[in-house]
Amino acid sequence: MILILGAMEGEITAFRHALENGEDRDPQVLKSRAGSELIIGELEGVPVALARAGVGKAMSALSAQSMIEVLERRGYEIRAILFTGLAGALNPQYEIGDTVFSLDCVQHDLDAVSLGIPRGTVPYTGYRFLVADPRLLAAAETYHPGEGTVRFGRILTGDQFINRRDDPTLAYLREELAGDAAEMEGAAVALCAAVNRIPFLLIRTISDRADGSAAVNFTQFLPVASENSLRAVCGILTALSAELR
């Protein structure tokens, strides 16, 4: 079973349609204690569970943990978590429409530096840069999008919508943390996956340049990103289908 998550409904709409219109036209629906709806079905012949996790680090991590527990109680083995949706570009080489697969990710607003702890580190743990699963990354290398460029980079997560990446107070995003894209959930869900020892990969479509232009691009890119994410995920599942079935 692959758990596929997106923060907002618009980011997973294409997945929902694919499951509802697939061979199993009446997919099973489960409810988590956190109120999330899990749709159980198949993509590319691989069993998947699809859900909206909610916006922001706390809500998405809470939802992810709740969904893991629901699926495991039902006897499902979660083989991987794929988190998908939109992101803003921090790397100036990234363009709107590019697909970003996370090499790793980190919570950029987790700041205990005054205690001598490096930025992004969960205090008194070894969790900082959370590395994506190498098998999932290898499968992602087979993806060829219809538009845009495939990127492999570092995704930064924080409870801020970054729209002024050139602000001097945000210089640490690139200079210290070497971030390539910014969003609001991925590293929190990745931490949940790491604690539960579940392989993960973040898949983001660049919707804006984190420079104040997001108001238009964000809305316009929801359906585009959802379709792009579906194609990317299906490519990964196809590449790994023999071992995931």
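Let's start with a word we'll lean on: a residue is buried when its relative accessible area is under 20%, exposed when over 50%, and partly exposed in between (1.4 Å probe, protein chains only). What you see above is a predicted model, where local features need pLDDT of at least 70, side-chain atom pairs count only at pLDDT 80 or more, and totals for chains, interfaces and linings use all residues. Residues are numbered from 1 along each chain as its sequence is written, and side-chain values use heavy atoms, with hydrogens and water left out.

**Exercise 1. Work out how Phe101 and Tyr143 sit together.**

Step 1: check the surroundings. Phenylalanine 101 and tyrosine 143 are both buried.

Step 2: get the rule. Rings of Phe, Tyr and Trp (its six-membered ring) pair if their centres lie within 6.5 Å; planes under 30 degrees apart are stacked, over 60 edge-to-face, and the rest tilted. That rule gives two aromatic pairs here.

Step 3: apply it. The ring centres of phenylalanine 101 and tyrosine 143 are 6.3 Å apart and the planes stand at 90°, so this pair is edge-to-face.

Step 4: place the partners. Helices (H or I, at least four residues) and strands (E, at least two) are DSSP runs, numbered from the N terminus. Phenylalanine 101 belongs to strand E6 (residues 99-107) and tyrosine 143 to the loop between helix H3 (134-140) and strand E8 (150-157), so the pair ties together parts 42 residues apart in sequence.

Step 5: widen the view. Phe101, Tyr143 and Phe152 make up one aromatic cluster.

**Exercise 2. Trace the strand pairing, starting from E1.**

Step 1: look at E1 itself. Strand E1 covers residues 2-6, and five of its five residues are buried. Ile2, Ile4 and Gly6 point one way, while Leu3 and Leu5 point the other. Here's the background: in a regular strand the side chains alternate between the two faces of the sheet.

Step 2: find the neighbours. Two strands pair if DSSP finds at least two bridges between them. E1 runs parallel to strand E4 (residues 46-52), with five bridges, and leucine 5 has alanine 51 as its bridge partner in E4. Five bridges also join E1 to strand E5 (residues 80-89), again in parallel, and leucine 3 stands opposite isoleucine 81 in E5.

Step 3: carry on to E10. E5 and E10 run parallel and are joined by eight bridges, with glycine 88 partnered by aspartate 208 in E10. E6 pairs with E10 in the antiparallel sense over three bridges, and here phenylalanine 101 turns up again, opposite isoleucine 203.

Step 4: ask how covered E10 is. Nine of the nine residues of E10 (residues 200-208) are buried, so this strand is largely enclosed by the rest of the structure.

**Exercise 3. Find which rings have a charge sitting over them.**

Step 1: take the test. NZ of Lys or CZ of Arg must be within 6 Å of the ring centre and within 35 degrees of the ring normal.

Step 2: read off two cases. Arginine 119 lies over the face of tyrosine 172, 4.0 Å from the ring centre. The charged end of arginine 154 is over the ring of phenylalanine 129, at 3.8 Å from its centre.

**Exercise 4. Describe valine 113.**

Step 1: locate the residue. Valine 113 is in the loop between E6 and strand E7 (130-131).

Step 2: judge its cover. With a relative accessible area of 41%, valine 113 is partly exposed.

Step 3: compare sequence and space. Valine 113 and aspartate 159 are 46 residues apart in sequence and 18 Å apart in space, C-alpha to C-alpha.
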